[in-house]
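Biologist: I am new to reading protein models, and I would love a guided tour. Could you take me through one, feature by feature?

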Protein chains: 4
Amino acid sequence: MTETTELRIGVVGAGLMGADHVTRINHRVSGATVTAIVEPDEARASAAVAQTPGAVAFRRIEDAIEADAVDAVLVATPGRFHEPVLLPALEAKLAILCEKPLTPDSESSLRVLEAEQRLDRPHIQVGFMRRFDPEYIQLRRLVESGDAGGLITLHCAHRNQKTGEGYVDSMLITDSVVHEFDIVPWLVGSPIASVEVRKLKRNTLAPSWLNDPQFVMIETESGVLANVEINVNIQFGYQVATEAVFEKGVAQIGRSAGIGVFRDGSFQVAEHQDFRTRFSAAYDTQVQRWVDAVKRGEIDGPSAWDGYRVAAACEAGVEAQATGRRVDVNYIHKPAFYA
Amino acid sequence: MTETTELRIGVVGAGLMGADHVTRINHRVSGATVTAIVEPDEARASAAVAQTPGAVAFRRIEDAIEADAVDAVLVATPGRFHEPVLLPALEAKLAILCEKPLTPDSESSLRVLEAEQRLDRPHIQVGFMRRFDPEYIQLRRLVESGDAGGLITLHCAHRNQKTGEGYVDSMLITDSVVHEFDIVPWLVGSPIASVEVRKLKRNTLAPSWLNDPQFVMIETESGVLANVEINVNIQFGYQVATEAVFEKGVAQIGRSAGIGVFRDGSFQVAEHQDFRTRFSAAYDTQVQRWVDAVKRGEIDGPSAWDGYRVAAACEAGVEAQATGRRVDVNYIHKPAFYA
Amino acid sequence: MTETTELRIGVVGAGLMGADHVTRINHRVSGATVTAIVEPDEARASAAVAQTPGAVAFRRIEDAIEADAVDAVLVATPGRFHEPVLLPALEAKLAILCEKPLTPDSESSLRVLEAEQRLDRPHIQVGFMRRFDPEYIQLRRLVESGDAGGLITLHCAHRNQKTGEGYVDSMLITDSVVHEFDIVPWLVGSPIASVEVRKLKRNTLAPSWLNDPQFVMIETESGVLANVEINVNIQFGYQVATEAVFEKGVAQIGRSAGIGVFRDGSFQVAEHQDFRTRFSAAYDTQVQRWVDAVKRGEIDGPSAWDGYRVAAACEAGVEAQATGRRVDVNYIHKPAFYA
Amino acid sequence: MTETTELRIGVVGAGLMGADHVTRINHRVSGATVTAIVEPDEARASAAVAQTPGAVAFRRIEDAIEADAVDAVLVATPGRFHEPVLLPALEAKLAILCEKPLTPDSESSLRVLEAEQRLDRPHIQVGFMRRFDPEYIQLRRLVESGDAGGLITLHCAHRNQKTGEGYVDSMLITDSVVHEFDIVPWLVGSPIASVEVRKLKRNTLAPSWLNDPQFVMIETESGVLANVEINVNIQFGYQVATEAVFEKGVAQIGRSAGIGVFRDGSFQVAEHQDFRTRFSAAYDTQVQRWVDAVKRGEIDGPSAWDGYRVAAACEAGVEAQATGRRVDVNYIHKPAFYA
Ligand SMILES: [Mg+2]
Ligand SMILES: [Mg+2]
Ligand SMILES: [Mg+2]
Ligand SMILES: [Mg+2]
């Protein structure tokens, strides 16, 4: 055995997502170790630490910083708790991988941008993992190559098996379409200009308080109109798919794959049941590339600026949802810092 | 050989579509013979008759009627020439299979309805052949069975290789979406309540005068919102596909089929290049079932009433296209005659 | 209505297959009518005639001939009853479509060939309907075009849901592989040179007396080795598929098609349950083209010579099955009559 | 940054495969570092070390052992050089991941088994990476579950784009079918009893000295007959696929996946071009799990015993290839050490 130098990561939040990242970093990512769990809930913290040899639990990010326990943080708490973690972490010049959203609204996102700009270079990468999914990458290359002609429109579907108790209408936008608010501009190569939301016929199997599914239209500044079927109680499985229409062809990603079985009168291919299998490889690649970049003093993925733009689009989306109108999305001028 | 009694069909219009029907009736449909070609263009008429042993050419439908040359007519001229054929044919009590549209506008369609109601029963069947396509039929059965829960929404795509000189913006609606105006209510089990049209980014490969593709939203009285990507210069092929979203699942029709070949680095399945191969079986079934029904004194497919409703939806669609607004579709009260 | 001249067909055998053909001829095939049912079983004959207006029942083919009731016969009895129908039908110079096999053995097939050669030209077409299946046709074109390089090998699978009481081991060859004995030479463009059969692990769900499935290797004179998995109690459905390996690629036919549904955790496409849906279009096309050819004084499909060669291959196959050895197939010299 | 304890791996052989593993271990595998490159060719060794900060080059495995530079070795040289690496590595009690084959023949494999049995427990894992491919794993689970009934037969295809200069007939068996010799018993749960090889029609695009493709039949002691189309100059791509036939169904792995594009008249899905993309995830998982197991003092994959059995099957395969006969495979009695 040899002693090697590894990036010390503090995972903030020991819920489902945090635990998944701890396992990832310790068992599949090269060059990084979880050295701290930041979690106010003591039971959760203990459970996480028990499975993470060498890691120490802290109640607050400030404590971990003070103890000089981490080089970097992976923020895996709910979005409304991000700002109070991001600001001290930035002040301590830690590298940051922040699960989406950056923050829940554009105002708080702007505060984060300001704090980050006091540093020498961007320190925050936002966890929009779709950018690391092989099929999204292939689709983006097809757009950039022009091989199928110019991109005309995107038909997106985001389908979940079911939602839990706390899930309310606005979360269709802020929890699910939030991914399209990142990936559509990334695919198209142009920011979102406006958002419009129409309610679809209600799924009677959804919780009674929810208008599920809905239909979102996203227009980019370059004039590409994308639509999103957001549908979170469709029972049969978890499915994220996009059909991209070009001038000379059509591309499809998110098609079913894997072992196919003829039985009981039909050909069957299992569909994903949640995001962890669907985006398993994307998460691994995202964290590995972030770790590698951090060691070079860089980030390698969506920045806080991208996070801010998504926050602005989410605000517009929630307003569009409430009013039924097309809502423009406005941004501050992009700082040279994020060029 | 034996003498058998066959339905005498006059094919009106000896263009591409008419010629296709002549071949069908004479070579693939049982119990019917083309005995008349009604076509004012003499060269065309002669060419058609030359390939139809036993058939006689007439310049006008009235001449064929007067000559007692036909029991039934299959109208395959452009839509604006339908009314002057339909009215005398109805008066002569002929059975009628009329290619879509019934007529180009609701006012003329209403005149046809009135004329038809002077007879003892519906004599007109409209050629919305998708209703005879095996996959559309399977999809409708899935809706009716409730096996996948209630129907929530339909994503439709209608893609053509390219359009010719006379094809203008309104024809995106009246020539292509016209099929969805029939099939959406048929699948959903509810009439169209409103239509909305948004222009998509223009395909630079389309003729310069055309805003192609466009995005049409169709809402039914029952609250199902269907969308249609209408896209008629997409180069790669001819494709009509529908994704139906249910409460518990998703169904797809119009998927690629047939021989699959691995070559030159990829797996390839040929796509259709025009409607004649895509809907070949549907056309055959439609005409055979119409012939069988006519012999029983019935029709067996969409009626003139369906044709009228589609004409009304087309008018709303063209207005929606011009104004950018959602346009309601209004109908007269449905006569008991069409119950 | 008009009196037209139609081919008068006598359907011999009013079982499952015969009844299917009666419906086809009367309801989907143009230019032909069933005018006679030849069936010794009186109950069956009456039932068939009741559904075939204008048709007359005869106990024996000779009676139908004597009554001058038919221009052509479609023979749909079990193979062992073919010769006594074919010989008088040939003598009467009737056109003949004979369901496979021509006869059960090469000796009787040779007697049929001899009788046919007394006529001016071939009168018998054998019902190997796969030659009319669109995918088999596409595959043959790919072979002939050379676009994927030379043909190297064929992997064939022939799977049935289950078999009945009378089905014994030799029928794996004579009832099922019989189709590959026709289609393999047709695809390859070379006759069968030898047959070898290996028993596979027995399916415990097959009847106890059956060695099912088996694995058949067919070598053509041109050196193409095809293999066939013959598997007739596989429960899940009916499946006939071929993978053709070329010098530069691989083609697959018999892939699942039609409506695809995501439900209950998986993507599902219904598989065929019997040959009637799988080859429905092929049967229709076969009979229509035969009727058209008969009117021109021709046949338009596999001849009695093809039927004889298949009979010879079946004999070799049954011997190979019994002995476990590779068995050569020998043919008489091909008469110029069948050139 | 923190100092952590990592497994020190010596990669033996700095060719294509070795370089791929160095990248993997240093950039994607957690808990291990490449500390030594063992490679007699100085230029290659220098190139490898230049890309592996902290690693030292050694000419021979003995030198790396003497320098106490490694805890484990990953052997990535051609098979004929394995034994001289394995024996000293075993003597030094190193953990070993040995690329296939263990050794080129059963006699040398037995010598390795003997040397290994002098240790307290198995130290060698053989690099049959298919066992770590998600679809092979799913297929094995389907076999074990019995959900589709008993396993009847396997149709395997192993297709390569093309082969290089040194590739000769026997390598069809020892380089390619070698994988099926491991995976077939692993899937079936029973050792190989016999091998038979038939030459297929020669691909004229293959090198002139090669009888390519060939057809291999593998029978297990439990009576499952698997066949393998081994085809290494098929031009279009790299494809490893298996169709497993069960009593009640059929499963397929190795189907095309990923982005699908309609263009130029067809639907297209890119096929793999070599094993590195096809089995990328399998290689990563294999090495990560081996590293994790080594730290627990175990192996976690095929053992030297499996490697020996494959060597015996390869010998039988080469003999079967040369003689055209079915050749039995015989093994020594399995030592309790490998139980
Ligand atoms: Mg790690
Ligand atoms: Mg006809
Ligand atoms: Mg008929
Ligand atoms: Mg590492």
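Modeller: Gladly, and let us begin where two chains meet: across the interface of chain A and chain D the rule finds 0 salt bridges, a salt bridge being a side-chain nitrogen of Lys or Arg within 4 Å of a carboxyl oxygen of Asp or Glu. Please keep in mind that this is a predicted model, in which local features need pLDDT of at least 70 and side-chain atom pairs count only at pLDDT 80 or more, while totals for chains, interfaces and linings use all residues. Residues are numbered from 1 along each chain as its sequence is written, chains are lettered from A and ligands numbered from 1 in the order in which they are written, and side-chain values use heavy atoms, with hydrogens and water left out.

Biologist: How many residue pairs are in polar contact across the interface of chain A and chain D?

Modeller: A polar contact is a pair of N or O atoms within 3.5 Å; within protein, one must be able to donate a hydrogen and the other to accept it, and residues adjacent in sequence count only if both atoms are side-chain atoms. By that rule there are 12 such residue pairs between chain A and chain D, both residues at pLDDT 80 or more. Strand 1 of chain A gives the most to the side that touches chain D, with 7 residues. Helices (H or I, at least four residues) and strands (E, at least two) are DSSP runs, numbered from the N terminus. That side of chain A divides into 15 nonpolar, 14 polar and 12 charged residues; here Ala, Val, Leu, Ile, Met, Phe, Trp, Tyr, Cys and Pro count as nonpolar, Asp, Glu, Lys and Arg as charged, and the others, Gly among them, as polar.

Biologist: What is the area buried between chain A and chain D?

Modeller: The size of an interface is often given as the accessible area lost when the parts come together. Buried area is the accessible area (1.4 Å probe) that two parts lose on being put together, summed over both. For chain A and chain D this is about 3400 Å², with carbon and sulfur atoms giving 51%. The contact (heavy atoms within 4.5 Å) takes 41 residues from chain A and 41 residues from chain D.

Biologist: Which strand of chain D pairs with strand 12 of chain A?

Modeller: Two strands pair if DSSP finds at least two bridges between them. Strand 12 of chain A pairs with strand 13 (residues 260-263) of chain D, in the antiparallel sense over 4 bridges. There you can find Ala251(A) opposite Val261(D).

Biologist: What area do chain B and chain D bury between them?

Modeller: They bury about 1100 Å², 57% of it on carbon and sulfur atoms. Phe236(B), Phe262(B) and Gly265(B) supply 46% of the area that chain B buries against chain D, more than any other three residues. The count of salt bridges between chain B and chain D is 0, and 6 residue pairs are in polar contact, both at pLDDT 80 or more. Strand 13 (260-263) and strand 14 (266-270) of chain B each supply at least two residues of the side that touches chain D, and strand 14 of chain B brings the largest share, 5 residues. Strand 14 of chain B also pairs with strand 14 (residues 266-270) of chain D, antiparallel over 5 bridges, and Val269(B) stands opposite Phe267(D).

Biologist: How many salt bridges does the structure hold over all chains?

Modeller: The total is 96 over all chains. One example joins Asp133(B) to Arg278(B), with the closest N and O atoms 3.2 Å apart. This pair links distant parts of the chain, 145 residues apart: Asp133(B) is in the loop between strand 6 (124-126) and helix 6 (134-145) of chain B, and Arg278(B) is in helix 8 (residues 275-278) of chain B.

Biologist: Where is Asn160(A) found?

Modeller: Look in the loop between strand 7 (151-159) and helix 7 (169-188) of chain A. Asn160(A) and Asn231(A) are 71 residues apart in sequence and 6.4 Å apart in space, C-alpha to C-alpha. Not counting residues up to four places away in sequence, Asn160(A) touches several residues, including Asn231(A) and Gln235(A). Gln235(A) has a positive phi of about 70° although it is not a glycine.

Biologist: Which peptide bond leading to Pro101(A) is cis?

Modeller: The bond from Lys100(A) to Pro101(A), with omega near -5°.
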